[in-house]
Amino acid sequence: MCQYNWETRRLIENSHPLSGKAYLTFAKKLKQAGLDNGIVCNQSHAPFPSSCREIRSFFKRAIECTAEAGGQICVIHPNNDLPPEENAEMYFELLPFAKSCGVKIAAENMWNWDTERGHSSFAACATPESFCAHLDAVNDESFVACLDIGHAEMKGSGTNAVRMIKALGQRLQALHIHDNDQWHDLHQIPFSMKIDFNEIVKALKDTGYNGYFTLEADQFLREYTGSTVFEGIKQLAAAAKKLATLYESC
């Protein structure tokens with residue numbers, strides 16, 4: 001049985017702007033709203049989970065919207081429970097279309113939850129070995145890695161962010177950055193919890209990472225209301241600047 005987040009459910013139920021015929025017009029509006037405020041689109045995220053057929057039917061639309069918004073990378077989750085060769089079949093289907101749109105597809109390191117042990121457990125791309133195996137199975141320059149820092153730092157992941165960065169090397173071209181208690185997937189603002197971003201940024205510098213530092217601290221913003229959210233966004237901007245300063249000083 002598939003578990004949907006709120007935005008994905010809206011997409012399936014045709015109540016989301018991206019589910020209608022004018023989805024590209026909406027993507028264009030998002031791009032302009034960003035540009036009006038000095039923000040460029042560097043990546044997008046396709047709906048998930050990839051294990052659901054009704055979700056996968058929106059993947060090409062997500063790629064189109066990425067291109068319309070000016071993004072270079074569309075993050076598409078692998079199926080948590082499939083091996084690299086089977087996940088590769090999905091990516092092979094999408095890559096010709098993505099290339100025609102001028103967009104790269106990025107896989108992301110995933111996690112499952114062990115209810116008996118009370119922490120995360122193995123899923124597709126969760127370890128350096130699994131992530132590299134997925135990249136090797138597709139073996140295409142337009143198929144790259146997006147490392148979710150928080151996922152890599154969860155208890156039970158079998159790795160950590162620094163090990164993942166070093167293993168992925170030049171194939172790492174996108175990031176999802178957020179903080180947690182090194183146990184749960186909390187998506188909090190960097191430098192607020194237990195993840196050591198000093199070592200992570202150093203590893204990024206050492207491996208020559210030259211992509212964006214993309215924050216995915218959406219749960220942090222849930223603490224704010226519509227009238228106060230700008231304060232939260234300013235705090236996220238400050239955290240991003242701190243990460244950039246760390247990178248420059250390495």
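Tutor: Before we begin, a residue is called buried here when its relative accessible area is under 20%, exposed when that area is over 50%, and partly exposed in between. Please keep in mind that the model before us is predicted.

Student: With that in hand, which residues on the other side of H11 are exposed?

Tutor: Helix H11 covers residues 229-249, and its buried members are Gly232, Leu236, Ala239, Leu243, Leu246 and Tyr247. Seen down the axis, these buried residues line one face of the helix, because they fall within a limited arc. The exposed residues on the other side of H11 are Phe230, Lys241, Glu248 and Ser249.

Student: Within what arc do the buried residues of H11 fall, seen down the axis?

Tutor: An α-helix has 3.6 residues a turn, so residues three or four places apart point the same way. In H11, Leu236, Ala239, Leu243 and Leu246 are among the buried residues. Seen down the axis of H11, the buried residues line one face, because their directions fall within an arc of 105°.

Student: How many Å does H11 reach from its first C-alpha to its last?

Tutor: H11 has 21 residues, and at 1.5 Å a residue the expected reach is 30 Å. The model comes close to that expectation, with a reach from first C-alpha to last of 31 Å.

Student: Which helices do the buried residues of H11 pack against?

Tutor: One of the buried residues is Ala239, which lies in helix H11 and counts as buried because its relative accessibility is 6%. Leaving aside residues up to four places away in sequence, Ala239 touches Ile189, Pro190, Phe191 and Leu215. Taken together, the buried residues of H11 pack against two helices, H9 (197-206) and H10 (218-221).

Student: Phe191 has a positive phi; near what value is that angle?

Tutor: Phe191, one of the residues that Ala239 touches, is found in the loop between strand E7 (172-176) and H9. Phe191 is partly exposed, because its relative accessible area is 29%. Although Phe191 is not a glycine, its phi is positive, near 75°.

Student: Is Asn139 buried or exposed?

Tutor: Asn139 follows helix H6 and is found in the loop between H6 and E6. Its phi is near 50°, a positive value in a residue other than glycine. Since exposed means over 50% relative accessible area, and Asn139 has a relative accessible area of 65%, Asn139 is exposed.

Student: What covers the buried residues of H6?

Tutor: Helix H6 spans residues 128-138, and its buried residues are Pro128, Ser130, Phe131, Cys132, His134, Leu135 and Val138. The cover over these buried residues includes helix H5 (84-100), strand E3 (104-108), strand E6 (143-148) and helix H8 (161-168).

Student: How many residues apart are the partners Glu68 and Lys28?

Tutor: The side chains of Glu68 and Lys28 meet in a salt bridge, with 3.9 Å from N to O. Glu68 sits in helix H4 (residues 59-69) and Lys28 in helix H2, so that the bridge links distant parts of the chain, and Glu68 is partly exposed because its relative accessible area is 26%. Along the chain, the separation of Glu68 and Lys28 is 40 residues.

Student: About what distance along helix H9 separates Asp206 and Lys202?

Tutor: These two side chains meet in a salt bridge at 3.0 Å, N to O. Asp206 counts as exposed at 53% relative accessibility, whereas Lys202 counts as partly exposed at 41%. Because Asp206 and Lys202 are 4 residues apart in helix H9, their separation is about one helical turn.

Student: Asp114 and Arg117 also meet in a salt bridge; at what relative accessibility does Asp114 count as buried?

Tutor: The N to O distance in the bridge between Asp114 and Arg117 is 2.8 Å. Arg117 counts as exposed because its relative accessibility is 58%. Buried means under 20% relative accessible area, and Asp114 counts as buried because its value is 16%.

Student: Which residues form a nonpolar patch on the surface?

Tutor: One member of the patch lies in the loop between helix H2 (23-36) and strand E1 (43-45), and this residue, Val40, is partly exposed because its relative accessible area is 48%. With about 280 Å² of accessible area together, the patch is formed by Leu35, Val40 and Tyr212.

Conventions
Residues numbered from 1 in each chain as written. Predicted model: local features only at pLDDT ≥ 70, side-chain atom pairs only at ≥ 80, totals over all residues. Heavy atoms only, no water. Patch = residues over 30% accessible without salt bridge, like charges linked within 9 Å, V, L, I, M, F, W, Y side chains within 5 Å. Areas by Shrake-Rupley, 256 points an atom, 1.4 Å probe, with all protein chains shown as cover. Salt bridge = Lys/Arg side-chain N within 4 Å of Asp/Glu carboxyl O. Buried < 20%, exposed > 50% of the residue type's maximum accessible area, 1.4 Å probe, protein only. Expected span 1.5 Å × (residues − 1). Arc of directions from axis to C-beta. Contact = heavy atoms within 4.5 Å.
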